[in-house]
Amino acid sequence: MDPEGLALLLPPATLAALAESWLREDCPGPNHAALVTGAAPSQAVLWAKSPGVLAGRPFFDAIFAKVNCQVSWFLPEGAKLVPVARVAEVRGPAHCLLLGERVALNTLARCSGVASAAAAAVEAAREAGWAGHVAGTRKTTPGFRLAEKYGLLVGGAAAHRYDLGGLVMVKDNHVVAAGGVEKAVRGARQVADFALKVEVECGSLQEAVEAAEAGADLVLLDNFKPEELHPTAAALKARFPGVGVEASGGITLASLPQFCGPHIDVISLGMLTQAAPALDFSLKLFAEGTAPVYWAYRS
């Protein structure tokens, strides 16, 4: 999917509400620095100082729209960043531009970091000759899930379920609470009706077979070592070829290729959102009529 079109997934009202909440968190009271800068019209350039994938333009735009500033982009969403890159220009009253600066940079840096990690994971999977789905998880930062899930998509990965309502996931604790795999899946199928899929977390082939027999659409083979994962998935697929198999649990970019195999449909990595390093961006003001040059701002 074209990363540029992904912005259509983001409801404008939700974007505006998120931008407002992030700005309020950063400045809930008097902004004393505004008296230093004043309200004169100003302009600044957004520089990318580390390599990766650009993601988060809609969030950046929404934040600056809230403080009466306008953004002009020089690079498209999903662009590969080669530092030092001139990414965008922001114009508006000086005190407003600086009020939105850190919030916008934090959001762009985090979203781009997730997209970069996702792109690296997808590339590793394709280089291993595997065509399945590389996916994120629900291990996201509270209050920042939409941006992180969006970053996964820009990076070419699958977002997985957005929230608890996107898929009926029966995990190990659900099985214990329900009194067994069969009872848990039976209850899940009743709740799921025709609209949702049911996935069951399993720790053995026996549990996976039970889940498939009870009507699970997908089986999550969690925390399996590669040498255990592939024969288990093969045995399950031999009996239930229509059941999807997901591998998860402690998988990293380095170990990902070991989990790729012909009987694995999805590989999910919590580290894409939990451990992705943020990209480095900076926003630097420049005087009207002068050409902005990055080296002039190095410390």
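Guide: Before we start: a polar contact here is a pair of N or O atoms within 3.5 Å, one able to donate a hydrogen and the other to accept it. Keep in mind that this is a predicted model.

Visitor: Okay, which residue offers its backbone oxygen to a polar atom of the Lys149 side chain?
Guide: The cut-off for such a pair is 3.5 Å. A polar atom of the Lys149 side chain sits 2.9 Å from a backbone oxygen, and that oxygen belongs to Thr137.

Visitor: Which helix holds Lys149?
Guide: Look at the stretch covering residues 145-154. Lys149 falls in that run, which is helix α5.

Visitor: How far is the nearest side chain of opposite charge from Lys149?
Guide: Lys149 is buried, yet it has no salt bridge. A salt bridge needs the side-chain nitrogen within 4 Å of a carboxyl oxygen. The nearest candidate is Glu148, and its distance is 8.3 Å.

Visitor: What does Lys149 touch, apart from its neighbours within four places in sequence?
Guide: One group of contacts includes Thr137, the residue with the backbone oxygen mentioned above. Arg138 and Thr140 are also on the list. The others are Ala159, His160, Arg161 and Tyr162.

Visitor: Zooming out, what share of the chain's residues is buried?
Guide: The chain has 299 residues, arranged with 11 helices and 12 strands. Buried means under 20% relative accessible area. By that criterion the buried share is 49%.

Visitor: And how far apart are the mean positions of the positive and negative charges?
Guide: The chain carries 25 positive and 29 negative charges. Average the positions for each sign, and the two means end up 3 Å apart.

Notes: Residues numbered from 1 in each chain as written. Predicted model: local features only at pLDDT ≥ 70, side-chain atom pairs only at ≥ 80, totals over all residues. Heavy atoms only, no water. Helix = DSSP H or I, 4+ residues; strand = E, 2+ residues; numbered from the N terminus. Buried < 20%, exposed > 50% of the residue type's maximum accessible area, 1.4 Å probe, protein only. Lys, Arg positive; Asp, Glu negative; His and termini not counted. Contact = heavy atoms within 4.5 Å. Charge placed at Lys NZ, Arg CZ, Asp CG, Glu CD.
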